[in-house]
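Work through the following exercises with the sequence and the model in view. Each task is followed by a solution that goes step by step.

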Amino acid sequence: MYLPLKLPQNPEQRPGYMPVLLPMKSHAAPVGVGTMVQSFLSTKMGLFVLAAFLISLGAASYAQAASGAQLGTIALLWKWTPLLAKGFGFNVLISILSMAIGTVLGVCLGILQVSPNGIIRRVAWLVTQFFRNSPWLVLLFYCILLIPFEIEVFGTTIPFPGWLKAVIGLSLPVMAYMSEYMRGAIQSLPSGQWESADSLGFSRGQTMRMVILPQTVKRLLPPWMNLYAVLTMATPLVSIVGVDEIMSFARAALASENRVDLLIPMYLYVLCWFFIYCFPISGLTRRLENRFAVKS
Amino acid sequence: MKKFLAMTTAAIVALSGAASADKLADIKEAGKLVVGVKQDYAPWGYLDSDGNLVGLEIDLAKDAAARLGVEVELVPVVASNRMEFLQQGQIDLIIATMGDNDKRRKVVGMIEPNYYAGGANVIAPAGTLNEWADLDGQKVCAVQGAYYNKPAAQGYNAEIAAFAGVPEATAALQNGACVAFLYDNTWIESQLSSNPQWDGYEMPMETENPSVWAIAVPLEDLDAPFGETMREIVADWHKSGFLIARNMANGIANSPFLVEQHNAQQ
């Protein structure tokens, strides 16, 4: 019989080799992140919120100018902007590092949650549930107070600054959420995927690596990005444990200026920083969700 | 919870063997003195818009390091973590508006003579309040964790609304959410004399619950060379008039305590 297939050179050496038709690659045009950010920043919603912010700021500074000769609110916010920007950079750094650590650990933990070994499965489940159901702030307090500020390894002292402890503290809940997402994504795949891989002679590890995990990626991507946005918005928590980020700088600025009328504009300004950073992410997530949605 | 944390912290400190025989020698060898200071308590310790720590207590920290012949490293602390940082060895010294009391003396080494003193008073719109008894049943804004909140609530039956920080509490006062703001008299005096947003406000009461502030070293260093040296330095700050001069240079209202200490040291 004639097979219309172009086989690789040494097909027999490939594990689980069988002369089957490989699935077609999708050729949808990749979406550039830059263009998506732009398109979402320019959406009506984003513009509306920004406009509302600017109007309230303008009104506040107008009232200021009318009432006295002190420096206007906008001028004061501008004066503190470099410091706030530095603080926000730290928020972003903390969120990226926590997300990276949490994702790696969470994916591993999620795979362990569907392990055929009952003990491993239960332990992974317990770890996941413990960190998923603990308040983030309490986890942060534990990490800050229980981890020593420097660790001695083979005679050299490695400093362990507060922000690094905060990264660890925040990566624990991320790990737990990722673990649950991972388990859900694996279990949501039709069992036919396992069965057909089995019938093709794939071992369990091969099935996981070559069949299951690649298919979970698109299911994981939207909740993963949502989680990142939530994590970023949670980073001001670390100001309570003494890490210098945007909130602690905002508080320091308020204390230094001792201006009662600065309170609301300052917090609004901080909010604005987070909004501009997180809104494109949520927009992108929405678009990915639409793209990956299962048509019924 | 608090007790458990304190115990575990103590255990970790014991394990890591942070306690050294001679802290002073360690500091000189490291070439730096690490001081925990406030960054949200103008004008004692606060940030300028370039992100530098400035204020009276920062001046003190720098002078202490200069007298020891080492560099200064400033670490921002808050009331809830400063003593833990000192116990862990993360900082060598606390100069962070810390009141001196018996409970804290069991945890950290308080240096005498005390370097500053404050007490409780209120800031209120002029003419509305005359004495502490006027607070009976009234809503009073305050800052969480201040030691005089409890006496005001129990002694004068004031209804305390405690906020996270001074900016929030003062905003509440100006919005009319409470009749007065209960806080340190030193802060109120320096605000009334320098900040135009308090025109039409006054400090009507006699200052109550006076409390002295102390610089703190780790408890085990209190009677070691480090504690001795710090005692000499603080005494000289009073004797030489350095504290009075820095107090004035930072725009803080004249402090009777500093004058009294200065005269006593002569």
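**Exercise 1. Find the salt-bridge partner of B:Glu73 and state which strands the pair joins.**

Solution. Begin with the rule, by which a salt bridge is a side-chain nitrogen of Lys or Arg within 4 Å of a carboxyl oxygen of Asp or Glu. B:Glu73 meets this rule with B:Lys32, the closest N and O atoms being 2.8 Å apart. Next, place both residues: B:Glu73 lies in strand β5 (residues 71–76) of chain B and B:Lys32 in strand β1 (residues 32–37) of chain B, so the pair ties together parts that are 41 residues apart in sequence. Strands here are DSSP runs (E, at least two residues), helices are runs of H or I with at least four residues, and both are numbered from the N terminus. Over all chains, the rule gives 14 salt bridges.

The model is predicted, so that local features need pLDDT of at least 70 and side-chain atom pairs count only at pLDDT 80 or more, while totals for chains, interfaces and linings use all residues. Residues are numbered from 1 along each chain as its sequence is written, chains are lettered from A and ligands numbered from 1 in the order in which they are written, and side-chain values use heavy atoms, with hydrogens and water left out.

**Exercise 2. Describe the interface of chain A and chain B, from its extent to its polar pairs.**

Solution. First, count the contacts (heavy atoms within 4.5 Å): 28 residues of chain A touch 35 residues of chain B. Second, take the buried area, which is the accessible area (1.4 Å probe) that two parts lose on being put together, summed over both; for these chains it is about 2,500 Å², with 60% from carbon and sulfur atoms. On the chain A side, A:Leu145, A:Asn258 and A:Val260 supply 26% of the area buried against chain B, more than any other three residues.

Third, look for charged pairs: the count between the two chains is one salt bridge, formed by A:Arg251 and B:Glu168 with their closest N and O atoms 3.0 Å apart. Seven residue pairs across this interface are in polar contact, both residues being at pLDDT 80 or more; such a contact is a pair of N or O atoms within 3.5 Å, where within protein one must be able to donate a hydrogen and the other to accept it, and residues adjacent in sequence count only if both atoms are side-chain atoms.

Fourth, assign the chain A side to its helices: α3 (73–113), α5 (136–146), α9 (246–257) and α10 (263–292) of chain A each supply at least two residues, and α9(A) gives the most, with eight.

**Exercise 3. Determine how domain 1 of chain B and domain 2 of chain B meet.**

Solution. Start from the bounds, which come from an automatic or database domain assignment: domain 1 of chain B covers 2–115 + 214–264, and domain 2 covers 118–210. Their C-alpha centres lie 27 Å apart. Eight residues of domain 1 of chain B are in contact with six residues of domain 2 of chain B, and the two domains bury about 520 Å² between them, 53% of it on carbon and sulfur atoms. In domain 1 of chain B, the residues that lose the most area to domain 2 are B:Tyr41, B:Trp44 and B:Ala253, together 66% of what that side buries. Finally, the rules find zero salt bridges across this interface and one residue pair in polar contact.
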